[in-house]
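Reader: Could you walk me through reading metal sites and a nonpolar core in a model like this one? I would like the general idea, then the case at hand.

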Amino acid sequence: MRARNLAVTAIAVALAAGGVTLPLAGTAAAAGTTVRKDDFNGDGYRDLAIGTPGANSVTVTYGSAAGVGTSRATTVSQSTAGVPGVTEQGDEFGESVTSGDVNSDGYADLVVGAPGEKTPGTSGGTVTIVWGGRNGFKKGGTTLTAPADSERRFGEAAVFVDIDGDETANLAVISGDSWWFYADGVPQDGRAIGLETDFLPEGVRLDSMTAGHLTSKDGYTFVLTGERADGGAYTAYIKGGAGDLGYWSGVLAEGGDPSASRDPLAVGDVNGDGYDDLVTGNPNAAKGGAISVRYGADAKLGAPVTYTQDSAGVPGNGEDGDRFGWSVATGDVTGDGLADVAVGAPGETSGAAGARGAGSVVVLKGGPRGLRDGSASHQDTPRVPGVGEDGDAFGSNVRLKDVDKDGKADLATGAGGEDIGSGADARRDAGAVWVLRGSSAGVTTPRATSFNGSDFGVRLPAGAGGLGKAFGESLR
Ligand SMILES: [Ca+2]
Ligand SMILES: [Ca+2]
Ligand SMILES: [Ca+2]
Ligand SMILES: [Ca+2]
């Protein structure tokens, strides 16, 4: 079995043995421009992808010097020309979204999980790769179905990174209790490769995955979160490499450990030492929720450092039901080279009217000695569009990325409980997304913008919204 994974890197090893210098990352594109992982139309601006699993679609808003908005966007679904499959209620197309230039044509491609999709002969779930291009998504796509021996919900999460160090990225996908990857090149349906050492416990239900340079400045470490069969949280890691995938693995935290996560996680270099750091959220920990930071280092991850709303430098107070840590994201908001951390607290009471569960987002600045100098934003923050109402759940999802290319990551946040429209067109819990610009001082409110599914023709069936389904459930 060992030979199987080694075959993936056989060419790289042969080249190295022959004394040929392997190309460094990025040199393949040196003649042109480096392809960003999320620049779908190739104009040099990162784009924001917004998943709406309740409506089985993903809306991509294209970045520009003016940021993202409603005028330049494409909504992709299984009804889009050239995209395989048929849109059916419950597919959850858009439950997970990641990206990368999978077919190496210079345009980032959209990788969309539909873990609820039913395919005869499989346990369910698909991943669809929709090809990017200069004019958006006009080249169709390809769909990967669940491996025959997978345990339901294939496509809960996916990442596209170089697993084995051969400078070519591979797609990795999780299903209920399994981890899969594909060989170099465009992934071929039916060719998923499983772990050689399956360390995952029986009955675990994986929910989320990320990868970063956590334990090596070159290689990737994957982090998986989910729930054990007994309902306890489960947070584990696997180190990538050329063979024996799964052998270098371990549990970071589980059960009732406050630093264990069931879902929210992100990686970024918070302290600026060159290693990515792991940020996990646990909205049930402590009073009102918590996040934990584990610093990356050579061959190990540090012990968790936990922050709550009662920690120094974190605004607010921890109260029952705040759900601080429901969502987390990393990105350099201030442009100082260190990753900052956004934390959603969708259960927070906010605004002058004290709306319960209106929600808020806290952005904490990275620093050599840890997170500091946090600020909170919500719908009642001056110049932020909207009004916080009971159950809006602002902060139900967060993402930090620089969409206007000024060198400072901008905050995108979903509010999965936001109602939209009025009268016969009213939709409860349809969701909306806000974008607040980054600056050297942190997240700012001038030019803050907001949009929802109706701005893009995305219509949730009645009752199909709310947390986990609404516009903005996934942000990439
Ligand atoms: Ca773009
Ligand atoms: Ca491509
Ligand atoms: Ca670090
Ligand atoms: Ca920016």
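**Two calcium sites and a core**

Author: Happy to! Let's begin with one residue: N103 is partly exposed, because its relative accessible area of 25% lies between the 20% and 50% cut-offs. Keep in mind that this is a predicted model.

Reader: Which atoms coordinate the calcium ion (ligand 2)?

Author: To read a site, start with its donor atoms. Here they come from D101 (OD), N103 (OD1), D105 (OD), Y107 (O) and D109, which gives OD twice, at 2.2 to 2.4 Å. Along the chain, these donors follow the spacing D-x1-N-x1-D-x1-Y-x1-D.

Reader: What angles occur among the six donor atoms of that site?

Author: They run from 54 to 166 degrees, and the site is irregular.

Reader: How are the donor residues of the calcium ion (ligand 4) spaced in sequence?

Author: The pattern is D-x1-D-x1-D-x1-K-x1-D. The donors are D402 (OD), D404 (OD), D406 (OD), K408 (O) and D410 (OD, twice), at 2.2 to 2.6 Å. This site is irregular too, with angles of 52 to 163 degrees among its six donor atoms.

Reader: Are D402 and D410 buried or exposed?

Author: Both are buried.

Reader: Now the core: which residues touch the most other members of the largest nonpolar core?

Author: Among its 22 residues, they are A172, W179, F199, L200, M209, F222 and L224. Strands supplying at least two residues each to this core include β8 (157-161), β9 (170-175) and β13 (221-227). Beyond its neighbours within four places in sequence, F222 is in contact with residues including V159, A172, W179, M209 and I238.

Technical notes
Residues are numbered from 1 along each chain as its sequence is written. Chains are lettered from A and ligands numbered from 1 in the order in which they are written. This is a predicted model: local features need pLDDT of at least 70, side-chain atom pairs count only at pLDDT 80 or more; totals for chains, interfaces and linings use all residues. Side-chain values use heavy atoms; hydrogens and water are left out. Donors are N, O and S atoms within 2.8 Å of the metal (3.2 Å for Na, K and Ca); water is not among the atoms, so sites may look incomplete. Four donors count as tetrahedral if all angles lie between 85 and 135 degrees; four count as square planar and six as octahedral if opposite donors are over 155 degrees apart and all others between 65 and 115; anything else is irregular. Buried means under 20% relative accessible area, exposed over 50%, partly exposed in between (1.4 Å probe, protein chains only). A nonpolar core is a set of buried Ala, Val, Leu, Ile, Met, Phe, Trp, Tyr and Cys residues joined through side-chain atoms within 4.5 Å. Helices (H or I, at least four residues) and strands (E, at least two) are DSSP runs, numbered from the N terminus. Contact means heavy atoms within 4.5 Å.
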